[in-house]
Amino acid sequence: MKMLKEKWHILSALAVMVLAALTIGGCHMIPLGDSGSQKGVASIIGVSQANMREEWRVALINELREETEKYEDIQIVTTDATGSAAKQVQDIDNLIGYGMDLLIISPCDEKIMGEKIKEVYDSGIPVIVMDRSVEGFDYTLYIGPDNGVIGQQAGSYIIDHLGDKGGDVVVLQGNPASVQGTERLSGFKGAIENAPGITLHEVYLAAESKDAAYDIVVTAKNIVENSDIIFAYSDSMALGACDALKALGLDNKVMIVDCDGFKGADEGIDLVSQGRLMATVSCPIGGKEAIDYAFSILNNESGVPKQVILRSNIIDKSNVEENLNRINADTSDDGRKIKVGYSQVGQESNWRLANTKSIEESAKAFNIDLHMEIADQSQEKQFEAIRSFIKEGVDVIVVSPVVETGWDEVLREAKAAGIPVIMSDRNVLVENREENLTTTYLGADFVEEGRRAMRWIRDNVDSTGGDMKIMEIMGNVGASPTEERDAGFREILEENPGYEISYSAYGDFTFDGGKKVIREYLEKNEWDIDIIFSQNDDMALGAIEELKAHGIKPDEDVKIISVDATTEAFEAMVRGELSCAVECNPIIGPQLMKAIRDLCSGKQMPFRIITDEKVYDQSVAEDYIRKRRY
Ligand code: GYE
């Protein structure tokens, strides 16, 4: 406790100096949350907000402060960059000088702040990036909404409302639009601009504000009065439009659809419940999630993901009460035992065995009664398992789907039974996203894994000697990792003309599958391949065995890059046979079980949770092999 007191006294003294400095410098620093409190402070969280002009940003600070109050020994110190990247850099340096243990930042400028965030992250201070992501992955965790999806949802809602007859839609646009506004507009236009019979009327506001929206709606009266709907991509703009329609006597003729869906007075949800907004698309703020994950990070807990994409919902008069109840509901976890039915793909790879082990061990630790069925890569067996879980009346169903498509019918049966379904490790493609047949997806960014594999090749396998021929060994047909790793790999391949995929075949993610691809190639061809990209380690190791049987030296005659980064892959890199392994972390048990407990406590599930992953090659294999957890 002595240490704590010292830290607190030093911090108090520092606080006065830093506060004075910032105030003198004309900077605006929101004072310590509860600077008069005597509570012991074990951790200081520095919060660097881009600006405090936008309602969303004020809401974030408020949510962070509210949530911090639940943690006795955490203090937050917040700064306002007033929209200046230079000031935000200075704010961060001040927070470092102040002794922060973790940084939460909503960046002003993705490029400039990306470099500063990397500097802080590399210094060993965990960084949670919020709302606007930065290039690369040099941060601890990203939490934010998908603003493109938010705009898309608003567009789809308007299309459904106008129906076949179509109509006229006035689109309020900031000039210039903020990053968030631009992304929402892009999603909105992507959804609506080709809809039959719909005409868009774009009007430009001097600012993304209530007053500017009021002024433009009044000024554009002749357009507005002949339109059906106004689209505003923020609550503040929508409120201005509401007031203007009222002043023009058009509030019963023209409807408004907006984005943000905040819960305060005269904000999105309130305006819907007042009948002044037809619908709002919620933009979850993420402050609560940020503090919860910050606590886990500061306590070195496992299961912290790399990205959490927050879920946005359409709220209109049909569900506004339900949403208000959910927002105000008590979502504390009562710790009760939860029954989970898990349909697992199979036992096809070392990755899968590690994944199953992680899930089984975490279930015990989280008081989850787990009933797992192994499907041996058969979708039919997965359907049978899911139907048996429905009959059993489990609380939650989790599926790691062997392929992406064909799930709509069985997922509708689970929904009809009132049983939520979480997609784990792999994802599915459903006919209509708005049916919300799955609750969330927890797993890797396979597209990024494919990009990383090709980036390593670009940076480590010289192509100046002419076109480098690549053999791609793919997983099982129709699986999301197969499709998405291939897509990410080809995206970077197209940027590098010195390489080409000259042969591609499926190996089903198994050791024997990898052997078979090499054997069949050599039955028909002389060996002329320079690089093998294998979509998992097991197929790569099978390929290596077959190559050696034909006198072809792995890593010498042909570079081999695989995905998963299992211990067996590290052993092959140490032996000098495998060239590179892109990590795909199977240990998602803790995150999955936390998501299940949150779901059963009534918390809003993120739209997507993406795991943390790196790239390893022979230059570091020895250093890491003893630390591998799978
Ligand atoms: O790469 C492979 C397993 O779905 C990410 O499936 C998983 C993949 C993994 O068989 O080893």
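This passage describes the ligand site and the cysteines of a predicted model.

The ligand was examined first. The ligand sits in the largest cavity. Its surroundings comprise 13 residues. Among these, Glu348, Asp425, Arg426, Arg485 and Asp564 come nearest. Two helices contribute to the shell around the ligand: helix 13 (350–365) and helix 17 (480–493). Each of these helices supplies at least two residues of that shell.

Polar side chains also reach the ligand. Asp564, one of the nearest residues, places a polar side-chain atom 2.6 Å from an oxygen atom of the ligand. For Asn536, the corresponding distance to a ligand oxygen atom is 3.0 Å. For Arg352, a polar side-chain atom lies 3.1 Å from an oxygen atom of the ligand. On its own, the ligand has 300 Å² of accessible area, and the protein covers 100% of this area.

The cysteines were considered next. A search of the whole structure finds zero disulfides. A disulfide requires two cysteine sulfur atoms within 2.5 Å. Cys242 does not meet this requirement, because its nearest cysteine sulfur, that of Cys259, is 14 Å away. Cys242 is buried, with a relative accessible area of 4%. Cys283 is likewise in no disulfide. The cysteine sulfur nearest to Cys283 is also that of Cys259, at 8.5 Å. Cys283 is buried, and its relative accessible area is 3%.

Technical notes. Residues numbered from 1 in each chain as written. Predicted model: local features only at pLDDT ≥ 70, side-chain atom pairs only at ≥ 80, totals over all residues. Heavy atoms only, no water. Buried < 20%, exposed > 50% of the residue type's maximum accessible area, 1.4 Å probe, protein only. Near = heavy atom within 4 Å. Polar contact = N/O pair within 3.5 Å; in protein donor to acceptor, adjacent residues only side chain to side chain. Areas by Shrake-Rupley, 256 points an atom, 1.4 Å probe, with all protein chains shown as cover. 1 Å grid on protein atoms, 1.4 Å probe; cavity = no way out; pocket = protein on both sides within 12 Å on 5 of 7 lines; lining within 4 Å. Sits in = over half its atoms within 2 Å of the grid points. Helix = DSSP H or I, 4+ residues; strand = E, 2+ residues; numbered from the N terminus.
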